[in-house]
Amino acid sequence: MAHITKATSVRDWFDQRIALTKLWNVLAGQYWIPKNINFLWAMGVVLTVLFTLLFISGLLLLMYYKPDANLAFDSVNYTIMKEVEYGWLWRHIHAVAASVIFLIIYIHAFVGIYYGSYKKGREMIWISGMLLFLIFSAEAFSGYMLPWGQMSYWAAQVITQLFGGIPFIGDALVEWIRGDYAVSDPTLTRFFMLHVCLLPIVIIMVIGVHFYTLRVPHVNNLEGEEIDFELEAEKYLKGDTINSKVIPFWPGFLSKDFFYVSLFMIFFFYLVSFHFNFAMDPINFDPANAAKTPTHIYPEWYFLWQYEILRGFFFDIGPIKAADIGALAMAFAGISLFFMPLYDRSDVVAPAHKRKGFFVWFWLLIIDLIILTVYGKLPPTGFNAWIGFFSSVGFLVLLLVVLPIITIKERKANR
Ligand code: HEM
């Protein structure tokens with residue numbers, strides 16, 4: 001039992017019972033961040049704010065949404081959009097945040113790649129980040145089903161069918177996931193459970209893990225400099241704040257981040273107020289109809305690059321069907337991203353513009369992803385199909401072949 005004395009202040013009362021000051025110092029007051037970073041390092045906090053907004057707006061939508069194939073469409077498009085006061089606003093906030101969070105996730109991940117923040121002790125930050133990307137993808141996909149419009153229905157049909165390519169158990173697995181032979185009411189209710197319960201819980205836990213993985217290796221910086229955090233923290237605490245290379249998470253880092261978050265919020269609410277349409281497909285304003293397939297089925301913009309890899313392999317190879325090759329290539333591309341730290345064979349941590357070969361590789365990868373995204377929305381016929389094929393192969397070759405080669409060269413040159 002702790003030795004409790006008469007408290008001298010409210011803070012002292014809590015300190016004696018739950019070591020509040022100590023906890024605060026570990027989490028924020030004496031958690032050290034390098035000074036040499038810029039606005040790109042605010043993206044993690046922007047993501048946290050966006051997730052919070054999604055959570056709150058989602059709770060409000062949940063009060064009126066009906067997870068039933070006969071009622072879902074109307075509960076969203078009439079009850080929430082027309083009858084509930086400000087229901088439209090919460091729906092627009094939810095839809096725009098769901099789309100924009102992927103933009104910020106991509107920026108955040110590519111900043112990590114550009115500055116080499118995924119290697120030399122930071123591998124677990126990368127892996128937990130990729131896990132977040134994967135779970136966010138499942139969260140977005142399950143949420144897209146809920147309005148039960150035409151695109152909700154047909155996207156669910158296409159994506160759940162992908163599991164049919166798994167040898168031996170494929171067909172049984174598709175039926176198990178759907179809860180029926182085709183996408184129908186049981187599919188909607190189980191995806192509803194995933195979207196509002198299981199996946200948000202897992203996301204919150206994995207965000208906690210992602211933050212924890214930053215503790216030991218610390219956040220990287222603009223030059224990839226190896227900082228002695230203990231020494232620099234000591235300088236800071238002794239009052240030499242000018243020469244110390246670090247600042248505390250609070251107030252130093254977070255107060256600056258709040259400034260960037262505020263700027264971002266102006267942009268965000270501008271989109272919510274005037275350009276919310278980009279986050280809602282017009283085809284999804286038609287109720288789900290199992291008897292009428294839309295002319296083109298495509299996912300939201302943030303999944304287009306993966307969708308194009310899925311469609312990129314459009315011909316059978318021997319007994320293996322084109323659809324199975326595409327599904328395999330898409331799964332392989334996704335899994336490969338988890339192993340980025342393994343394919344990069346050099347231990348140089350520096351911004352890409354100081355690593356010649358890597359710099360070219362980085363921009364080729366971005367260009368390839370943009371081509372995949374643009375062609376992912378176009379019909380996969382004639383010339384388009386070949387562009388899709390070459391850029392899909394290009395993505396895999398850049399990641400699995402070119403990256404190891406240029407980084408092995410870099411490692412040898414630095415010996
Ligand atoms: C909603 C999801 C995510 C949240 C809330 C989040 C949050 C954060 C925060 C607060 C930081 C520290 C400050 C900063 O660099 O921004 C960080 C760092 C980092 N995150 Fe994430 N992150 C998320 C997703 C991802 C994803 C998808 C990846 C990539 C696979 C990723 C990779 C990284 C890396 C490599 C760092 C270290 C940056 C450095 O050391 O300079 N994160 N994240």
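Start by selecting residues 10-223: the C-alpha atoms at the two ends of this span are 43 Å apart, and the stretch is 72% helix and 1% strand. Keep in mind as you look around that this is a predicted model. UniProt, in an unreviewed entry, annotates residues 10-223 as "domain: Cytochrome b/b6 N-terminal region profile".

**The domains**

Next, colour the protein chain by its domain assignment. Domain 1 takes in residues 1-27, domain 2 combines 38-213 with 249-297, and domain 3 runs over 301-415. If you place a marker at the C-alpha centres of domain 1 and domain 3, the two markers will be 53 Å apart.

**The annotated transmembrane regions**

The unreviewed UniProt entry also lists "transmembrane region" for several spans, including residues 93-117 and 124-145. Select each of these two in turn. Residues 93-117 are 88% helix and 0% strand, and 31 Å separates the C-alpha atoms at the ends of that span. Residues 124-145 are 100% helix and 0% strand, with end C-alpha atoms 32 Å apart.

**Around the ligand**

Now click on the ligand and show what surrounds it. Which residues are the closest to the ligand? They are Gly44, Gly112, Ser117, Gly129 and Asn220, out of 25 residues that surround it. Four helices each give two or more residues to this shell: α3 (43-62), α5 (87-114), α6 (123-145) and α9 (185-215). Colour the shell by residue type and you will find 16 nonpolar residues, eight polar ones and one charged.

**The nonpolar cores**

For the next stop, select Leu50, Ala97, Ile101 and Trp148. These have the most contacts inside the largest nonpolar core, which has 49 residues. Zoom in on leucine 50: leaving aside residues up to four places away in sequence, leucine 50 touches Ala97, Val100, Ile101 and Ile104. Apart from the largest core there is another, of 20 residues, with Phe303, Trp361, Leu372 and Ile406 among them.

**Two positive phi angles**

Stay with tryptophan 148 for a moment. Its place is the loop between α6 and α7 (150-162), and although it is not a glycine, its phi is positive, at about 55 degrees. Is tryptophan 148 buried or exposed? It counts as buried, because it has 25 C-beta neighbours inside 10 Å, and 20 or more are needed for that label.

Then move to lysine 120, in the loop between α5 and α6. Lysine 120 is not a glycine either, and it has a positive phi of about 55 degrees. Lysine 120 has 17 C-beta neighbours inside 10 Å, so it counts as partly exposed.

**A cis peptide bond**

Show the backbone from tryptophan 250 to proline 251. The peptide bond here is cis, with omega near 5 degrees. Proline 251 belongs to helix α11 (residues 249-274).

**A last pair**

Finish by selecting glutamine 161 and arginine 178. They stand 17 residues apart in sequence, and their C-alpha atoms are 9.4 Å apart in space. Glutamine 161 is part of helix α7. With 17 other C-beta atoms within 10 Å, glutamine 161 is partly exposed.

How values were computed
Residues numbered from 1 in each chain as written. Predicted model: local features only at pLDDT ≥ 70, side-chain atom pairs only at ≥ 80, totals over all residues. Near = placed C-beta within 6 Å. Nonpolar A, V, L, I, M, F, W, Y, C, P; charged D, E, K, R; others polar. UniProt positions renumbered as here; feature names shortened; annotations may be inferred. Core = buried A, V, L, I, M, F, W, Y, C linked by C-beta atoms within 7 Å. Buried ≥ 20, exposed ≤ 12 C-beta atoms within 10 Å, placed from the backbone. Contact = placed C-beta atoms within 7 Å. Domains from an automatic or database assignment.
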